[in-house]
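Welcome, and please take a moment to look over the sequence and the model. The paragraphs below then lead you through them step by step.

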Protein chains: 2
Amino acid sequence: MMPRKPNLRLGLDVGGTQVKMALVGPTGKIFDLRTVNTEKNPGALARALGEAVRSWAPRGLRGTGVGVAGDVDGDRGVVRFAPNLGWKNVPLAELLKREKLPAPLIVENDANAAAWGAHRVELKGVCRNVVALTLGTGVGGGLVLEGRMYRGACGSAGELGHMVVESQGVPCACGNRGCLEAYAGGVSLVRWARREYRRRGDTPGPLTPKILADRARAGDRVARAAWRRYSFYLGIGLSNLINLFNPEALVLTGGLAQGAPLFLPGALREMKRRAFTAPVRAVRVHVAKDSATLGVVGAALLVP
Amino acid sequence: MMPRKPNLRLGLDVGGTQVKMALVGPTGKIFDLRTVNTEKNPGALARALGEAVRSWAPRGLRGTGVGVAGDVDGDRGVVRFAPNLGWKNVPLAELLKREKLPAPLIVENDANAAAWGAHRVELKGVCRNVVALTLGTGVGGGLVLEGRMYRGACGSAGELGHMVVESQGVPCACGNRGCLEAYAGGVSLVRWARREYRRRGDTPGPLTPKILADRARAGDRVARAAWRRYSFYLGIGLSNLINLFNPEALVLTGGLAQGAPLFLPGALREMKRRAFTAPVRAVRVHVAKDSATLGVVGAALLVP
């Protein structure tokens with residue numbers, strides 16, 4: 001039921017295929033959640049969102065927070081680069097303002113929005129310093145430092161998937177080599193497993209992280225090795241983040257985080273073997289409960 | 001000349017062999033600088049410092065900032081671990097208070113203090129987000145984020161030398177493997193060069209980073225290869241820091257920073273090849289001018 005004085009924010013999470021829209025209360029409760037298909041033309045998307053919001057959302061919302069999978073200049077509300085959407089320098093805040101979406105209008109990288117959601121909702125705001133890793137097809141990241149969203153000089157901070165962990169390693173989608181994402185991204189996991197099956201003369205059939213998880217649980221050797229390798233690199237990533245940020249919490253979110261029982265124990269062992277003692281003692285590693293909606297909720301809660 | 005209303009802070013930089021003491025003005029100007037030998041017994045060191053300060057420093061100082069090479073719990077003023085000094089859980093603030101050093105008394109990791117000095121003095125406070133790398137025998141680091149010293153959950157943040165850049169790399173003094181320090185520390189540079197000379201059947205004689213720099217300038221092949229390797233890994237480190245922190249400035253300090261003309265061009269090439277475009281454009285890489293006193297000045301300026 002909608003509260004009488006709603007105090008609601010509108011959250012949008014713009015992904016490559018769908019946009020999630022949610023009405024979110026001050027503590028992160030979702031009062032209504034809908035999805036619309038993503039139009040790749042930015043103007044058409046803005047119009048579709050404007051229409052959808054006008055026909056659906058109540059009046060008097062406190063503002064709109066938008067998470068977008070891409071490199072975002074939050075100060076100007078511009079999406080500098082979003083490869084999944086084919087966008088370059090899209091003035092998204094401007095386009096959505098024309099469609100009269102509730103102001104103020106905040107545009108943020110989707111992994112940053114998820115980090116903010118993790119900080120505010122999953123951890124109830126008690127941890128001042130939160131590092132969030134989004135484990136999906138790639139590896140995203142967001143930083144909440146001293147209780148605030150940390151964006152850096154131009155909004156690009158927190159590209160945690162793009163720290164190099166092998167100097168001459170596997171090529172990464174970003175153009176670099178040896179990035180964490182090239183080992184702990186879902187695409188990389190599947191690619192490695194497929195190669196390994198073939199090397200052994202097996203025909204693996206269609207592979208996804210989910211299929212590899214099921215096979216690993218059933219004892220399949222290649223699948224188990226693929227997740228061991230995933231754990232190893234994730235553990236190195238966590239250890240680096242601990243030595244750099246000394247956070248109160250490390251949050252794992254994204255589609256692959258559900259599979260944590262499979263890979264997290266190994267990752268934590270590797271992390272503890274490598275990171276400094278004091279900050280390892282100070283950190284809690286938390287697997288997000290509501291990964292799927294953390295981004296849209298976090299985006300909404302970025303509205304002050 | 002001492003100003004009439006001094007508004008001075010006392011800075012101390014506690015190293016393995018010497019303690020630097022300085023009277024520092026509000027903009028970082030040093031009015032007097034002395035050194036005393038480091039007593040490894042913490043009580044004896046505190047007494048020696050108390051005596052030195054009483055016989056030397058004027059009255060009415062605003063407070064004392066202390067930088068220590070080690071893992072520091074700033075909230076409690078405790079040095080948790082300082083391998084060079086052989087200290088474990090030394091209540092340094094308490095010991096110095098007993099000696100009546102000017103209060104408030106702030107204890108901080110020395111690389112953090114140097115980062116604060118770089119932010120306040122070298123960059124004149126104009127950069128909100130500053131990542132400082134201390135290039136010496138090891139690789140230290142300090143973070144100034146959103147204009148404030150970033151310490152993390154328990155004061156251990158900013159161990160930039162201990163991010164892994166080779167998953168199965170060279171053992172590091174910290175117990176981990178493949179840390180940036182194991183490639184871009186002075187000790188590691190010398191060790192690699194010595195091995196390389198021997199592998200070629202040469203007797204290298206005594207080696208230091210300075211000697212290797214002189215030889216590289218004179219065209220020595222091994223020395224040049226050693227610095228090329230150093231550049232490569234430093235470039236990876238810088239690239240990682242840019243993708244994580246998106247800082248306005250990256251500052252290089254420490255004894256090896258003077259040799260920047262030798263290794264920085266290569267490091268910047270590697271950095272630009274790897275890091276994301278927008279944050280690379282936003283960053284300036286700055287070599288500290290006064291590396292030797294940045295720590296003691298930064299420590300003093302941590303006093304509010």
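**A walk through the model**

Let us begin in a loop: Asn246(B) is found between helix 7 and strand 12 of chain B. Helices (H or I, at least four residues) and strands (E, at least two) are DSSP runs, numbered from the N terminus. Asn246(B) has a positive phi of about 45° although it is not a glycine. Is Asn246(B) buried or exposed? With a relative accessible area of 0%, Asn246(B) is buried; buried means under 20% relative accessible area, exposed over 50% and partly exposed in between, with a 1.4 Å probe and protein chains only.

Some reading notes belong here. This is a predicted model, in which local features need pLDDT of at least 70 and side-chain atom pairs count only at pLDDT 80 or more, while totals for chains, interfaces and linings use all residues. Residues are numbered from 1 along each chain as its sequence is written, chains are lettered from A and ligands numbered from 1 in the order in which they are written, and side-chain values use heavy atoms, leaving out hydrogens and water.

Now for the two chains together. A turn of 180° with a shift of 0.0 Å along the axis lays chain B on chain A with an RMSD of 0.0 Å. The two copies are thus related as by a two-fold rotation axis. For this comparison, copies are superposed by least squares on the C-alpha atoms of residues with pLDDT of at least 70 in both. Of the interface residues of chain B, 100% are also interface residues in chain A, so the copies meet through the same surface.

Next, a sheet in chain A. Five strands form an open sheet in the order 3-2-1-4-8, with mixed pairing. Strand 3 (30–37) and strand 8 (105–109) of chain A are at the edges with a single partner strand each, so one side of each has no neighbour in the sheet. From one strand to the next, the twist averages 15°. Two strands pair if DSSP finds at least two bridges between them. Strand 2 (residues 18–24) and strand 3 of chain A run antiparallel and are joined by seven bridges. Gln18(A) has Asn37(A) as its bridge partner in strand 3 of chain A, and Val24(A) has Ile30(A). These two strands of chain A form a hairpin with five residues between them, and Gly28(A) in the turn has a positive phi of about 100°.

Helices lie against this sheet. Helix 1 (residues 42–56) of chain A crosses strand 1 (9–14), strand 2 and strand 3 of chain A, at about 35° to strand 2 of chain A. Helix 3 (residues 110–122) of chain A also packs on the sheet, touching strand 1, strand 4 (64–68) and strand 8 of chain A, and its direction makes about 105° with that of strand 8 of chain A. Contact means heavy atoms within 4.5 Å; axes are lines fitted to C-alpha atoms, for helices over the stretch in contact, and angles run from 0 to 180 degrees between N-to-C directions.

Two backbone details of chain A are worth finding. Ala103(A) and Pro104(A) are joined by a cis peptide bond with omega of about -5°, and Pro104(A) sits in the loop between helix 2 (92–98) and strand 8 of chain A. Lys124(A), in the loop between helix 3 and strand 9 (130–135) of chain A, has a positive phi near 55°. Lys124(A) is exposed, with a relative accessible area of 67%.

Back in chain B, another open sheet of five strands has the order 11-10-9-12-13, with mixed pairing. Its edge strands are strand 11 (148–149) and strand 13 of chain B, each pairing on one side only. Six bridges join strand 9 of chain B to strand 10 (residues 139–145) of chain B, and the two run antiparallel. Helix 8 of chain B lies across strand 9, strand 12 and strand 13 of chain B, at about 165° to strand 13 of chain B. Among the buried residues of helix 8 of chain B are Phe263(B), Leu264(B) and Met271(B).

Finally, which parts of chain A does the ring pair of Tyr230(A) and Phe263(A) link? Tyr230(A) is in helix 7 (residues 221–245) and Phe263(A) in helix 8 (residues 260–274) of chain A, 33 residues apart. Both Tyr230(A) and Phe263(A) are buried.
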